[in-house]
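Colleague: Before accepting the descriptive terms applied to this model, I should like to see each one set against its definition. Please take me through them.

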Amino acid sequence: MFFTITNRFFLALFSIAALFIFLLSGCSTTQQTSEQTSQDQTSQARAIETQRQNHAEMEEIYWDRIEQSRMNFNQADVDFMTGMIGHHSQALIMSRMAPENGASRSVQVLASRIINAQADEIAFMQRWLRDRGQPVPIVHIDGINMTIEMEQPDAAGDHSNHDMDSDMNHEQNHDMDHDSDMMHDHSDMPGMLTQQQLENLAAARGKEFNRLFLTYMIEHHKGAVIMVEELFAADGAASDTASFELASGINAEQVTEIERMKLMLENID
Amino acid sequence: MLLCIFQIDLLKTQTNNPSSMKRLLPGMILALASLLAVYSCASSDMPEQNVQPTLSPITEIDQPDPDPRVGLAGGLFDYEEAIWNLNLLSATPPPEEFLGSWGTDLAFKDNYIIQGNYNGFIVWDMSNPENPEVVVDFLCPASQSDVSVYENLLFVSGEGLGGRLDCGTEGVRETVSSERLRGIRIFDISDIENPEYISNVQTCRGSHTHSVLKDPKDDENVYVYISGSAPVRPNEELPGCSSAFPDEDPNSALFRIEVIKVPLANPEEAAIANSPRIFEGLTAPPTHGPAPEELAAIERAREEGRFVATYEGSPRVVNNRLIQVFLERIVEARGGEGEPTQADSTTLRENLDTYYGQFLEERLAARGRGEDVGPNQCHDITLYPEVGLAGGACEGYGLLLDITDPVNPTRIDAVADSNFSYWHSATFNNDGTTVLFTDEWGGGTQPKCRETDPYEWGANAIFSISDDGNMEFQSYFKLPAPQTSAENCVAHNGSMIPIPDRDIMVQSWYQGGINLFDFTDPKNPVEIAFHDRGPINPERVETGGSWSIYWYNGYLVNSEIARGLDIFELTPSEFLTQNEIDAANTVVLEYKNAQGQPKYEWPTTYALARAYTDQLERNRELNMRTIQMVRNGLNEAENSNGSGKSRVLNEVSASLSNSASSSSNSDKVMKLARIIRDLSSAS
């Protein structure tokens, strides 16, 4: 009952003080370093400076360690990422057909989810490779045709400036300022559709498209799950945290989606 | 009176504005003082005829606009942040050895916070929440190192391939190795500042997360449910591990969870007690209970005269091909031939649910191959032993489990949702009448809160639980503030806050920050507080942000993956009064685990009575004259003692009981009357 103040004068004072403090706080910026206004400005400035130095030191340690932790990978991880970029890209080709080929609403929802999820994962895998100084597959999609250029690592090893932002069309608009190889053939990976199957899918409409899309995508997803199993079966692979997380995530999500697609397939008219 | 109005308006402005930051404590104290001044002002002898409610229903209060979480500048330790209706008491970086290694889940015991980390775990002493102190930094790498406590035991999950039995930091390179730990580590924390690694239990898929269950009927053991989402380890590494489908190998590690029994007297004898296949036979449709658009589609189908069956509580449009099959069966059953007649069609309409149910069961039986037995693991299982329920978030399904027999959990209901990618975790409201599932779309490392990402994806789905255990979809809730593509963001862990009679949850959204929302009305969740920082690296997405945040004894403790540990306290606002916060703070837990939900119970206090009074005002459930009478009476009683106090309380209680019939929520008025009566005997 400390604050039982009934005197109106004090109440008014309180109101004004609260308003004043409120206005002050409203004007202050959202900088983390903002300290309570103090008469002793110099000691405050000193404290802020010390904190900033501590933060700068911690940041340096942090990013150094993140950089170091990226070196805990092997060739199996690299092969997995490189292959999965092509694998995912084919899923994008298939999924992008859905709206124009008269897919049902539920297939369109599924397709746009696959586009969203796998486009982000492609960006993630490209970053993963670039961070580790590995060649990066850059995918170009033209209708049902896909070509993959290999972006070679910087000689200087400076890969921090080559961020691929994860907007939806990252595979098209990358500025190719590196030497590049061409790589076309991903057809030996499990679950990949042949060009003929892609053409069949592109020609299908409505219910036939739904049926073919689900059938192919189930196989495609199963292929991705097999690729994860192969990764985990390789000595020393997936020791890298990002690789383990990504592969486990692909495993869990695609197994889930396979189940969902089977049910959808059974419910097609 | 004028002054009072001015005061109220002032508060309104203040709470409507997301106070831009930090060190607002003196301001808050003044605001608090002002709030109390409002009460004392109201309680003085002024005319009462025109008293209007000052608290508004939460759906009628404006949200901050523009949202201050949009456009925050980034940085790991030097960033901009936005905070609304919360006070950040401390933001403490991790100990140096843990910098650069992900912080994960939290557990609490007494005044200690145990924070998992991919490098081991950290124990913080939170006696001074403005300056929590690291008392243990235990190096023992494992992912995800999710932690739980029970009495003197600490359990830590290990799933990644690099975890070692000897806690070494060098990892394990070989595919098959006797050095590898995937499962649960058990520590003795009798002396919490000196944890002792006493045992482990190895499992086939490792432990991504786990849940600790104390059976109220069994004082000798504690049970740990293990969930794993990584591939099965080879038989050569851990004998008996098989990733074959269950119809080929009944001991398959797929499609099951592990139940570990830990004898409290001999925790080193902990072992797997059962591996229940709680998923078998799941054929739930791949939709939640109907969302508005699906409901509309079903309605259209009905209007078109199509066949709509009800299966496991949710309506489904039956496809025409199947209808033909059913009609042929009906023709055959009556010994007829040729085209089905109108009468056959009517027969089908009347018995559609039976035909459809039979069909699904036949199909299930015909499937044979184990591939179709439903999800093969759970991500999280939230145990709520006081109500005998668990919520399993299991791949494409949300499950409701009966855990009254801890070793043999059984499934009560299952829901699926076409908008949900990956069911991640479950939270019950305190009554066990609502369950909220999260969808960790993208696994937590992807930016799924961009402007372009649909509201229903990577969100929460809220279900009501009927008396017979059916779950019914009510709504989605997702972080409303769009985040950048440099911020990993999706629904993640959180807990209920014990605001009496309200379902308020605090939740993590990775780099989307944390927020509080009220889902008392499960159809209309409302955000009521938040905190968010800019991205840890504005240039590109790097995993960071809030892994989990939980309420623990008056504080909200946040595990920040990259930045360490934050401790918040609630501040009063139009959405939440100081009395409601005070009532929440009367709840005291001795420990808390992420996947174990305690039932909150509130002692009889003035704060509780005032919180209920505020709610009656907010929800327009009692007239203001009676509400003022109660408030004045409570103030008077609190300042008197002995018989004077009892007299006032009994009078208020009796008068309130008489008003119950005029209230639109007479149960609550009667409950308040009982509490006020009981206050005279409470100390």
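Colleague: What makes S21-S22-S23-S24 of chain B an open sheet, and what is the sense of its pairing?

Modeller: In this predicted model, the four strands lie in the order S21-S22-S23-S24 (chain B) with antiparallel pairing. Strand S21 (423-428) and strand S24 (471-477) of chain B are the edges, each pairing on one side only. Strands here (E, at least two residues) and helices (H or I, at least four) are DSSP runs, numbered from the N terminus.

Colleague: How do you know that strand S23 and S24(B) pair?

Modeller: Two strands pair if DSSP finds at least two bridges between them. Strand S23 (residues 460-465) of chain B and S24(B) have six bridges, in the antiparallel sense, and Ile465(B) stands opposite Met471(B) in S24(B). Neighbouring strands of this sheet are turned by 25 degrees against each other on average, direction ignored.

Colleague: Which strands are the edges of the five-stranded sheet of chain B?

Modeller: That open sheet has the order S6-S5-S4-S3-S32 (chain B), also with antiparallel pairing. Its edge strands are S6 (133-139) and S32 (591-593) of chain B, each pairing on one side only. The average turn between neighbouring strands of this sheet is 20 degrees, direction ignored. Strand S3 (residues 103-109) of chain B joins S32(B) over three antiparallel bridges, where Ala107(B) stands opposite Asn593(B).

Colleague: Why is H4(B) called roughly perpendicular to H5(B)?

Modeller: The axes of helix H4 (residues 320-333) and helix H5 (residues 342-350) of chain B come within 10 Å and cross at roughly 115 degrees. That crossing makes H4(B) roughly perpendicular to H5(B), a term covering 65 to 115 degrees (under 35 is roughly parallel, over 145 roughly antiparallel, the rest oblique). The axes are lines fitted to C-alpha atoms, for helices over the stretch in contact, and angles run from 0 to 180 degrees between N-to-C directions.

Colleague: Which residues meet where H4(B) passes H5(B)?

Modeller: Phe326(B), Leu327(B), Ile330(B) and Val331(B) in H4(B) meet Asp344(B), Ser345(B), Thr347(B) and Leu348(B) in H5(B). Contact requires C-beta atoms, placed from the backbone, to lie within 7 Å. By class, this contact has five nonpolar, two polar and one charged residues. Ala, Val, Leu, Ile, Met, Phe, Trp, Tyr, Cys and Pro count as nonpolar, Asp, Glu, Lys and Arg as charged, and the others, Gly among them, as polar.

Colleague: What makes the bond between Asp65(B) and Pro66(B) a point to note?

Modeller: Most peptide bonds are trans. The bond joining Asp65(B) and Pro66(B) is cis, with omega about 5 degrees, and Pro66(B) is found in the loop between helix H2 (25-43) and strand S1 (81-84) of chain B. Another cis bond joins Ser143(B) and Gln144(B), with omega about -5 degrees; Gln144(B) is found in strand S7 (residues 144-150) of chain B.

Colleague: Where does pLDDT stay under 50 in chain B?

Modeller: Residues 1-48 and residues 283-290 are such stretches. On this scale of the predictor's confidence in each residue, from 0 to 100, the mean for chain B is 86, and 85% of its residues reach 70 or more. Where pLDDT is low, the predicted coordinates should not be read in detail.

Colleague: Which conventions apply throughout?

Modeller: Residues are numbered from 1 along each chain as its sequence is written, while chains are lettered from A and ligands numbered from 1 in the order in which they are written. In this predicted model, local features need pLDDT of at least 70 and side-chain atom pairs count only at pLDDT 80 or more, whereas totals for chains, interfaces and linings use all residues.

Definitions and conventions: Two residues are in contact if their C-beta atoms, placed from the backbone, lie within 7 Å.
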